[in-house]
Every structure is written in C-alpha cells, then in structure tokens.
Amino acid sequence: MMNPLVINLQKCSLHDGPGIRSTVFFKGCPLECVWCHNPESQSYTKDVLYNEERCSRCGVCISKCPNDAIYTGETMICLDKDKCTRCGTCIDYCVNNAREIVGKESTIKDIVKEIEKDRMFYEESNGGVTLSGGEVMSQDMDYISQVAKTCQAKGINVAIDTCGYVKFQNFEKVMDHVDLFLYDIKLIDEEKHIKFTGKSNDLVLDNLKKLSERGANISIRIPLIGGVNIDDENLEVKKIIEFLKPLNIKNVHLLPYHSIGKHKYDKLYMKYEGEELFRPSDEKLEEIKKLFEQNNFKTKIGG
Ligand SMILES: C[S@@+](CC[C@H](N)C(=O)[O-])C[C@H]1O[C@@H](n2cnc3c(N)ncnc32)[C@H](O)[C@@H]1O
Ligand code: SF4
Ligand code: SF4
Ligand code: SF4
C-alpha cells in the first residue's frame, strides 16, 4: 500500500493549535468546501500546478508530454487531467519553473524525523505537531496513528485538525495518541452543508458527539463565511451553540473567511465557486464571539 501523500510540512505554525507547531498537510479530502483555501489538498492523487504568470508559452512541455495531456488553450497552456499520469516530465523540461508537482509520499520515519527537528520550539512554547490536510482522518489510519504514537512517545504534543467526515473507527484508531482535536463545524443545516461542502453533516455531528462522550480534548473551529453561515439573526451560529452546549467542550475558535487560497484554483485548472462569499465585519465577529461567551464557551477569533 502506498504511503499517504504529503503536500507540505509547515514549520513555526502559530494558528494550528497551542504554541509553536509543525503542521503536516496530508493530501486528499472527502469534502469539497466552496471556500477551501487549500484546493490542492482535495484530491488523493498528485496534482500538476501551472503558474500562468511564469509561462512564456514556449510549448516545450506540449511536445515533451508522453501522454499528449497538454495543449494550447485560448489564453493559457491547458491540461487534460484524465490523460495526465503525473509523471513530472513537463516539470523537468520547463525552464521557467511554471509547472510543479504537489504531493509526495513520505515514510513514517522521515515525517517524524522532520517533526522532531523543531522539538526545541515546541518545548519552549508548549507547542507540538498538528496533523492536518486535506483530511488527515481519511488517510491510512495505521500510518497516521503510528506517526501520532511515535511523536507522543518522544514527548511531542499531537493535535489533529479534522472536518470529521470519516467513519468513527478512524478516530478510534488514533485517539489514544492525540492530545487535542481541532474539530470543524461548518454548518448545522444539512441542506446547506450538502450545497456548500458536497456532503451531509450527519457523520460530522455524530462523530463529534461520540468523541466528546469518550472524553477527547476538543477545540471547535468554525469558519465564519458571509453567504454561507452568517445571517442577521445569527440563526446558524445559534444552532451550533445549541448543538455544542450538552457536549463536554469549552474552547471555540472562530475563523473569519479569507480568500488567500483563491489564486491556487487557477493553478490547478479548477474554478473558484466562492466569488460571492465574504468576510463578516469585525462588529459581526464580535457579536458572534459574545454569543458563544454568553454560553460559557472560551472563544477566540482566529486559529
Ligand atoms: C484546510 S482545513 C483542513 C482541516 C479539515 N479538512 C477541516 O476542514 O477542518 C483547515 C482549516 O481551515 C479552515 N478554512 C478553510 N478554508 C478557509 C477559508 N477560505 N477561510 C477561513 N477558514 C478556512 C477550515 O474550516 C479548517 O478549520
Ligand atoms: S514549458 Fe513551461 S514555459 Fe514553456 S509552455 Fe510549458 S509551462 Fe509554459
Ligand atoms: S505530468 Fe507527465 S503526463 Fe502530466 S502533463 Fe506533465 S508530462 Fe504530461
Ligand atoms: S474539509 Fe477542509 S480540506 Fe476539505 S475541502 Fe473543506 S476546508 Fe478544504
């Protein structure tokens, strides 16, 4: 079996859990959130990225591609994703570095070795490692739980950043080796959840209840997205609060929408469907924060 693909191991991360952390982004996700700032993390296969600004349209990649997957479009060099085998030939021949491959197989040993390098920072800041993505909980869970177990055994704090859309057995496989779950709730309204993420939220909410019942340490993350879960009466937010109240959860992080991942859609030949979305005003964010605080949640704006 292939090891999971890693997109990137980000050092000195300050928004993916407490302290200074290294965040490992695994590739592949069962959801397709319209606003996702990491579109390169959605597919479970490698992707070829194309940077149009660097491309001189020399055509070399077209002639070198062994699968005839590249062709000239009206304004850019196009890719037939069905034909592309991610062999990397076009990347090797592009003198302008306009193409790059995303996703690299990594052994448990290599990942842990890389994580360990920043141990000093973790110790000084009460940080650690965060396993994220994409959706880390939808990967090979023997691999993920081994990474978590090895890090914990070395005294490194382990957090998991998840959308929760996986079978509960995946949580059971890893939870003994996890110090903190950063668990996303995007919407309670099921129809809207399907509309904006492509999937029902049944599993997400069910798993959260079960995790909480099992005594897991959980911080909730809620992306606050104008046009999706923000309204004048804060209806969706109030539903989230009512859902969380009976659970054994105290910490809530509100993540205001941003569009910094938008440019990546072009590079992946994907269409960004979130043009209408917007960041809630600072007043609105404070209003929502207050609502959570009134219900005894320790709430912060940001990751
Ligand atoms: C990329 S996701 C990876 C973890 C997992 N797949 C999830 O959705 O929880 C990491 C965090 O980024 C948030 N996020 C994604 N796109 C965002 C955007 N455009 N603005 C604000 N937060 C965003 C998600 O809600 C999640 O809390
Ligand atoms: S080889 Fe590079 S610069 Fe030339 S057309 Fe292909 S992507 Fe553009
Ligand atoms: S990665 Fe290989 S198959 Fe895909 S476009 Fe480049 S040369 Fe063609
Ligand atoms: S669940 Fe997370 S990684 Fe997956 S599409 Fe949504 S925001 Fe992106």
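This section describes the domains, one helix pair and the ligand shell of a predicted model. Local features required pLDDT of at least 70 and side-chain atom pairs pLDDT 80 or more, whereas totals for chains, interfaces and linings use all residues. Residues are numbered from 1 along each chain as its sequence is written, and chains are lettered from A and ligands numbered from 1 in the order in which they are written.

The domain assignment, with bounds from an automatic or database source, divides the chain into domain 1 (5–43 + 104–301) and domain 2 (47–102). Their C-alpha centres are separated by 32 Å. Seven residues of domain 1 and eight residues of domain 2 form the contact, defined by C-beta atoms, placed from the backbone, within 7 Å. On the side of domain 1 that touches domain 2, three residues are nonpolar, one is polar and three are charged.

Helices α3 (residues 108–116) and α5 (residues 141–153) are DSSP runs (H or I, at least four residues). Their axes, fitted to C-alpha atoms over the stretch in contact, with angles from 0 to 180 degrees between N-to-C directions, come within 10 Å and cross at roughly 35°. The crossing is right-handed, the near helix being turned clockwise from the far one by less than a right angle. Ile-108, Ile-111, Val-112 and Ile-115 of α3 meet Tyr-143, Gln-146, Val-147, Thr-150 and Cys-151 of α5. This contact comprises seven nonpolar, two polar and no charged residues.

Ligand 1 is surrounded by 18 residues (C-beta atom, placed from the backbone, within 6 Å), of which His-37, Cys-163, Asp-184, Arg-221 and Pro-223 come nearest. Strands (E, at least two residues) β8 (128–133), β9 (157–162) and β11 (218–224) each supply at least two residues of this shell.

Technical notes:
Contact = placed C-beta atoms within 7 Å. Nonpolar A, V, L, I, M, F, W, Y, C, P; charged D, E, K, R; others polar.
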